[in-house]
Every structure is written in structure tokens, then in C-alpha cells.
Amino acid sequence: MHQKNKKYLWSPDEFMFQQFALHLDVMRYPEREIYFDLSSGVNEFPMPRVWKELMCMEIQDDLAYQWYTPEEGFPALQKAAKLWENFAATEGDLYSIKLRSNVCLTLGASQAVAIVFDYLSHNFPSCNILQIGMNYPIFERLSKPYHLKISELLKKEDKDSTFLLPEVDEVICRIRQEKPKMIIITVPNNPTGQSYSEDDLIRVFNAAGALDSFVMVDKAGQMPITHKSFVNVGKAILKSDYQNHIIQICSFSKTDSVPGLRLGYFMAADKIVAHSIKYQLYTVLNPQTVPVLPIFYSFLIRSLYLMEKNKWDNYCTYDEVLNVFERLFEITTAVAPKYFMDKILVRLKPMNFRADYDRYCQELLHNENCMDKNRVYILQELQEYISRYTVLENGFNFLIELSVFEFADEEVLCQEFFRETKVALLTESCFCLNRPKRGNFWIRISLAAPEEKFRAAVDRFKCYIEKRYFTNGKL
């Protein structure tokens, strides 16, 4: 059973890093070849080929010194991010900028969160932050150095519930009672893979804005190029009454499998972006902007994909979208040599670009198909032991609960499981500030991995259960 005096019950960040510390030993031994983190939260598929080709172009043409940036990031990328976010929010309108927010490029989504917390600590010292549902402990980790008071609202669970986000009425009630200065929502929620609807988001935005509170929406785990649902956060912002109170956090780590490149941005009111410029000046001066071309292509391809998928053709055509992005790149990239600009502008012509577009989308959709197969595999292989699991609405993380682990100690089980299988797990205490008092716990499963590696880890998972809990098929 869980011991109340264990520190990890109030520090998911500490509990998570206790688990990571266990994994280090295996790296010194031959077992490292079979090491696998079934809960990693990392996109382990290869980087898209278009990214690799464009990065090689930049290297071969010696453009690293050309992509020098101001504190808010490389101009072409900053403008393209704003164009993409407005295009999605308006469902295809390129010609009117309706989101009043501005964009700042950052060293991944983590730095974007740090900048927002820095803004809060400067303007509202020791203010309260409320995070909705279970969450990755980055918010707890960053709240500590800024002396911000963070709390959470979890759904009151029963043994049959599988939708783990608290009801919106309860969220609004908690906001009005506590009046936190910021509310944090992740879309999709990490670790559950679930999301609120656009109408639900509008209600939360309005409830918070009416109290002069901010809402930070972390979209780092959302896949724009997907067969699954796409929660249009920007559209919800446009329909709310308090645009300037909403902050969007984004990155390319999970969408394009490039966490090591630390590529992210946030979109917020001008006063928060102005603060971010000072923050960048005091810390890194210039946010990383190599690569430039792959990020620009990603913004463009996302726009075209959602336009075709959702038939957003009331405002412009495929060629018009391509032409606007082409013109944007041309007028914001004056430092690049003419021969290079000519090369890029030829590649952005409709007939030439279509090949890049098709390859990029096909690869990401293929990866999603692999994730779907991985999900089916683990649910089938462990079906007799799984008591509950969450429905995956977007992203690649979801939760399972196993009946055989009831009344087990999470920390002890994770250690034993890892020693015997060399498969790592992250469990519920990694994602809760106040762990619910119940007899079992959720396990995060990350699906973005090659099928062969994923299945081998699941097979070892199943063998562990059968060896540890069963003899001759009987408990």
C-alpha cells in the first residue's frame, strides 16, 4: 500500500526522476540493447525525410551564419507561426489576422512555460496556479524556482470511470472559488490522451478571463496531421471574450520527432511577448533557429493538410495558401543569398511542392497507423489483466490500469519490473500533485515507437505478469 510519508506523494517530479535514476545502471551493461521505456512520452519514429533534406540544404549552403535572429526568433518562422495559428483559428482565412496575440520562438515548449512563469512571478509574485487533470510534472518543476503556488483539480474517480478530466462545471466552480491567476490545460491531456471540446474550452476561457486570470493551453502533444480529431484551440480563443488572457504553448518535439533540437514557441498577448524578449536577452539572447526551412515547411504543410481534410475552402485555394507562405518567406529572409532564395522559391512552386507535401503527410500518417497498431497490440496482449484504459483522442500517450497490480506499491513495483524486464514504466504518481487514495494506479503507455520494439517490450510485460502473479494460468 502507499505510504503517506513518501515524498513523491506531493512531488510527482521527484517520483519521476527516481524512476529515471534506475534506468542509468542498465546503460553500462549488454542489457542496454533491450532497454525500452514503455512510458517515455517521446516520439521515437525517425525524423521526416523532408526535414532531413532541408537541414542538409542549409548545411551544404553554409546558411547557419545567415540565420542570425532577434530575441523573439527568426522573422520568417515567427510570422509563419502566427499565420498558421490564425489560419487554423479562422478555418482557412489567410487574409485577416483575427488572433490578436503575438509569437515568440523558444527553446522548446519547456522554455516557453518557463517564460510565462517568469512573467507571472514578476507581475503577480507568489500567485496561485491551477492545473486541470493529471499532467506531466514540468509545471510543478518550474513553479518551484519562481515560488508560485501550484494546485490541481482531478476528477473524482470511481472504479469504472475512464474519462479522467474533471467536468467543466467543476472546473469553472473551482476557478470562481480559488481565483487562480493562471489555469493550465494540456490539449490533448498528457498522460490520458483526452481533450475538452472547443465549447468546453470557451466556457473555461470566459470564466477565467472574467476574473482577470490567464489560461495557458499546452498543445505540445497535439498532432495536426492526423486521422483523429483535432481540437481547434485557436477557434475557441476567437469565440471567447478574453483573447488576451489565453496563452498557447507549442513545439515540434512530438509532432516531428525532434526533441533534441529544442524547437518551440508560444503565442500570447503583446505584454507577455515583450517580457519574453527581455527574458531571452538575459538568458540566451537569441533562441535557436537552426533548422529554419523544416519548421517553415511544417507550418505550411499543416495549413494545407487541415484545409484539404476539413474542406476549408471558403476563403482561398491550395495554390493561394502556398503563394502567401512563399511571399512571406521571400520578404522576411532578406539575409539569405540570392542563389539560395531562388532554389527555395522554385521548390515552393505548386507542382514542385506537392511531392514534399505528400511525402511528409504520408510519413506522419504512417507513424500514426503504427501507433494505432501498437495500441491494439497492448490491449489485446494484456486484455485479461487490464481493468480500465482511457480513449486516445489525439497524441500518442494514454493510460491503462491492471487488476493484478491492485494494492501494489508503485515505486517497488516499478523497480522490480525494470530489473526483471529492462522495460521502464511511469505510473500515476508521476502525474498527480495529490495522489488519490485508492488501491490501484494508472500506467502511462507511449505508442510512438517502431512496432517491433514496442511489441517486444509488451511481450516482456506479459511474461512478467504471468511469472509474478500466475502459476499454470491460475492466480
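**Exercise 1.** Does C104 count as buried or exposed?

*Solution.* The model is predicted: local features need pLDDT of at least 70, side-chain atom pairs count only at pLDDT 80 or more, and totals for chains, interfaces and linings use all residues. Residues are numbered from 1 along each chain as its sequence is written, and side-chain values use heavy atoms, with hydrogens and water left out.

Step 1. Take the cut-offs: buried is under 20% relative accessible area, exposed is over 50%, and partly exposed lies in between (1.4 Å probe, protein chains only).
Step 2. C104 has a relative accessibility of 0%, so C104 is buried.
Step 3. Apply the cut-offs to C463: with a relative accessible area of 49%, C463 is partly exposed.

**Exercise 2.** Find how many disulfides the structure holds, and explain the result for C104 and C463.

*Solution.*
Step 1. A disulfide is a pair of cysteine sulfur atoms within 2.5 Å.
Step 2. The cysteine sulfur closest to that of C104 belongs to C250 and is 12 Å away, too far for a bond.
Step 3. For C463 the closest cysteine sulfur is in C414, at 19 Å, which is also too far for a bond.
Step 4. The structure has zero disulfides.

**Exercise 3.** Describe the open sheet and the place of β2 in it.

*Solution.*
Step 1. Strands (E, at least two residues) and helices (H or I, at least four) are DSSP runs numbered from the N terminus; two strands pair if DSSP finds at least two bridges between them.
Step 2. Seven strands make up the open sheet, ordered β2-β8-β7-β6-β5-β3-β4, with mixed pairing.
Step 3. β2 and β4 (149-153) are the edge strands, each pairing on one side only.
Step 4. β2 and strand β8 (residues 264-268) run antiparallel and are joined by five bridges; L105 has Y265 in β8 as its bridge partner.
Step 5. In β2 (residues 102-106), four of the five residues are buried, so the strand is largely enclosed by the rest of the structure.

**Exercise 4.** Work out the surroundings of strand β5.

*Solution.*
Step 1. β5 (residues 182-186) pairs with strand β3 (residues 128-132) in the parallel sense, over three bridges. Here I129 stands opposite M182, and Q131 opposite I184.
Step 2. β5 also pairs with strand β6 (residues 214-218) in the parallel sense, over five bridges, with I185 opposite V217.
Step 3. Five of the five residues of β5 are buried. M182, I184 and T186 point one way, while I183 and I185 point the other way.

**Exercise 5.** Compare the linings of the largest pocket and the largest cavity.

*Solution.*
Step 1. On a 1 Å grid over the protein atoms alone, a cavity is a set of points where a 1.4 Å probe fits but cannot get out; a pocket is an open set with protein on both sides within 12 Å along at least five of seven lines; lining residues have an atom within 4 Å of a point.
Step 2. The largest pocket has 29 lining residues, with G41, S110, Y136, N190 and K254 nearest its centre. Helices α4 (108-123) and α5 (138-143) each supply at least two residues of this lining.
Step 3. The pocket lining has eleven nonpolar, 13 polar and five charged residues. Ala, Val, Leu, Ile, Met, Phe, Trp, Tyr, Cys and Pro count as nonpolar, Asp, Glu, Lys and Arg as charged, and the others, Gly among them, as polar.
Step 4. The largest cavity is lined by 18 residues, and M223, L364, N367, E368 and M371 lie nearest its centre. This lining has seven nonpolar, seven polar and four charged residues.
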